[in-house]
Amino acid sequence: MQFELNDEQLALQEAARRFARDEIAPIAAEYDQSGEFPREIIQKAWELGFSSTAIPTDYGGLGLSSLDTCFVTEEIAWACAGIGTSIMCNDLGLMPIIIAGSEAQKKEWLTHCASEFSLISFCLSEPTAGSDVAGLQLLAEKDGADYVLNGTKCWITNGGEANLYTVFATLSRTSRHEGICAFIVPADLVGISLGKKEDKLGQRASDTRTIHFDGVRVPESQRLGAEGAGFKIAMRTLDRTRPPIGALATGIAQRALDESTAYALERKAFGAPISDFQAVQFMLADMAKDIEAARLLTHKSAWMVDQGRRASKNSSIAKCFATDAAMRVSIDAVQIFGGNGYSKDYPVEKLMRDAKLMQIYEGTNQIQRLVIARELFRG
Ligand code: COS
């Protein structure tokens, strides 16, 4: 066992760090305030190979390992978690195709997404089914060689900007997980319309939407896997995409610590820098402990994914711990900054707002604990 990054990993990390600090950090506050979608910077990230990282080399992608993707993600999230979520969302959208696509589907869709700038959204959550995936209601009715989709998806990252969706639908609204199918759905099909763009507390640069499917015809050739395989495709996808969520959270937390340490050394109270006071030192030390543990858990879970092992438990542990840590650390950062921490003139209130979403998306942290407990009982 060794904890050093190799030369290629160091170069990848350094390239992502430069891009994040030089190009994302300066525009982060502006996009946070406007809530606009920073398409140009997201396209640039794609051109530099920081988005759609999981597309295998056989289909023209970079085929980055999950661990390498975590190095990139942490750096980008340090600069802006909202822009980071938009950049990393392609891997979530593409993962069902990577996991369950036929050779023909992979050739068609992965090759296309590797060669042309594309945004791909993962359409799972619904107004009445967020945590309870098996209870989803978007209906897929067979009609000749097509399926006809009717229903609504919500909280879809990049939903209003994507040109491709992976959509989870059910053959019967009472068949729970056994009826769920996954489909590749181009966003310009007739019957797809965009609903409300969420006006969010944090991660405001990412576009989060409701999407309506009204009689959308999808050819059978765009179903991923067998009828009824969709639930397990979704679960296997999330097992593989939760480690990068741990990395995103670690990036937020590291930024909060970096900002807090610099501020504590410079800000004076009672005639001395506040870094002289144990009350502040202990907060910084706890932040550092949290970050170290979050990073190690994240890297271990990514390593398990890369080994091809079932990573459900470790991915959920990493996602849950790292995102809870990011919340704790960013709240403490605001506290160290005092009144300034509560002002938009300083960077830490954004970190706290951005961190909150991490405990909710890609499965709430209550769901992560449920997955961990179930895996314990599975033995
Ligand atoms: N990999 C492969 N198969 C899995 C799996 C995994 N990680 N997790 C579950 N399965 C299988 C089970 O083994 C079971 O298979 P069999 O029917 O062959 O026995 C089947 O899938 C159903 O599993 P289970 O009974 O555990 O399903 P539940 O309805 O109880 O749901 C939870 C389980 C809550 C874990 C699931 O709904 C979930 O993950 N919810 C959160 C979703 C989420 O993260 N949403 C965020 C939106 S995406 S950004």
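User: In this predicted model, which residue has a side chain joined to that of Thr53 by a polar contact?
Analyst: Thr53 sits in the loop between helix H2 (39-47) and helix H3 (66-79). Setting aside its neighbours within four places in sequence, Thr53 is in contact with Leu62, Gly63, Leu64, Thr69 and Asp91. One of these contacts links side chains through a polar contact of 2.5 Å, and the partner of Thr53 in that pair is Asp91.

User: Is Thr53 buried or exposed, and what is its relative accessible area?
Analyst: Although Thr53 belongs to a loop, between helix H2 and helix H3, its surface has to be judged from the accessible area. The cut-off for a buried residue is under 20% relative accessible area, and Thr53 is therefore classed as buried, with a value of 0%.

User: Is Lys44 buried, exposed or partly exposed, and what is its relative accessible area?
Analyst: Lys44 lies in helix H2, where, not counting residues up to four places away in sequence, Lys44 touches Phe19 and Glu23. Because the class partly exposed falls between the limits of 20% and 50%, Lys44 is assigned to it, with a relative accessible area of 32%.

User: How far apart in space are Lys44 and Phe117, C-alpha to C-alpha?
Analyst: In sequence, Lys44 and Phe117 are 73 residues apart. In space, taken from C-alpha to C-alpha, the separation of Lys44 and Phe117 is 9.3 Å.

User: Which helix supplies the largest share of the shell around the ligand?
Analyst: The shell has 9 nonpolar, 6 polar and 8 charged residues, and of the 23 residues around the ligand, Ser131, His177, Lys232, Arg242 and Arg374 come nearest. Helix H6 (230-266) and helix H10 (365-378) each supply at least two residues of this shell. The largest share, 7 residues, comes from H6.

User: What percentage of the area that the ligand exposes when taken alone does the protein bury?
Analyst: Among the polar atom pairs, a nitrogen atom of the ligand is 2.9 Å from an N or O atom in the side chain of Asp239, while a backbone N or O atom of Gly363 lies 3.1 Å from an oxygen atom of the ligand. In the side chain of Arg374, an N or O atom is 2.6 Å from an oxygen atom of the ligand. Taken alone the ligand exposes 1,000 Å², and the part of that buried by the protein is 72%.

User: Which helix gives the largest nonpolar core its largest share of residues?
Analyst: This core has 44 residues, and those with the most contacts inside it are Ile24, Leu149, Tyr165, Phe183, Val185 and Phe213. Among the elements that each supply at least two of its residues are helix H1 (7-34), helix H4 (81-100), strand E3 (146-157) and strand E7 (208-219). The largest share of this core, 7 residues, comes from H1.

User: Why is helix H9 described as largely enclosed, and how many of its 11 residues are buried?
Analyst: The buried residues of H9 include Val348, Leu351, Ala355 and Leu357, together with Glu349, Lys350, Arg353 and Asp354. These buried residues pack against H1, H4, H6, helix H8 (312-337) and H10. Helix H9 (residues 348-358) is largely enclosed by the rest of the structure because, of its 11 residues, the number buried is 9.

Technical notes: Residues are numbered from 1 along each chain as its sequence is written. This is a predicted model: local features need pLDDT of at least 70, side-chain atom pairs count only at pLDDT 80 or more; totals for chains, interfaces and linings use all residues. Side-chain values use heavy atoms; hydrogens and water are left out. Helices (H or I, at least four residues) and strands (E, at least two) are DSSP runs, numbered from the N terminus. Buried means under 20% relative accessible area, exposed over 50%, partly exposed in between (1.4 Å probe, protein chains only). A polar contact is a pair of N or O atoms within 3.5 Å; within protein, one must be able to donate a hydrogen and the other to accept it, and residues adjacent in sequence count only if both atoms are side-chain atoms. Contact means heavy atoms within 4.5 Å. A residue is near a molecule or strand if one of its heavy atoms lies within 4 Å of it. Accessible areas come from the Shrake-Rupley method with a 1.4 Å probe; for residues, only the protein chains shown count as cover. Ala, Val, Leu, Ile, Met, Phe, Trp, Tyr, Cys and Pro count as nonpolar, Asp, Glu, Lys and Arg as charged, and the others, Gly among them, as polar. A nonpolar core is a set of buried Ala, Val, Leu, Ile, Met, Phe, Trp, Tyr and Cys residues joined through side-chain atoms within 4.5 Å.
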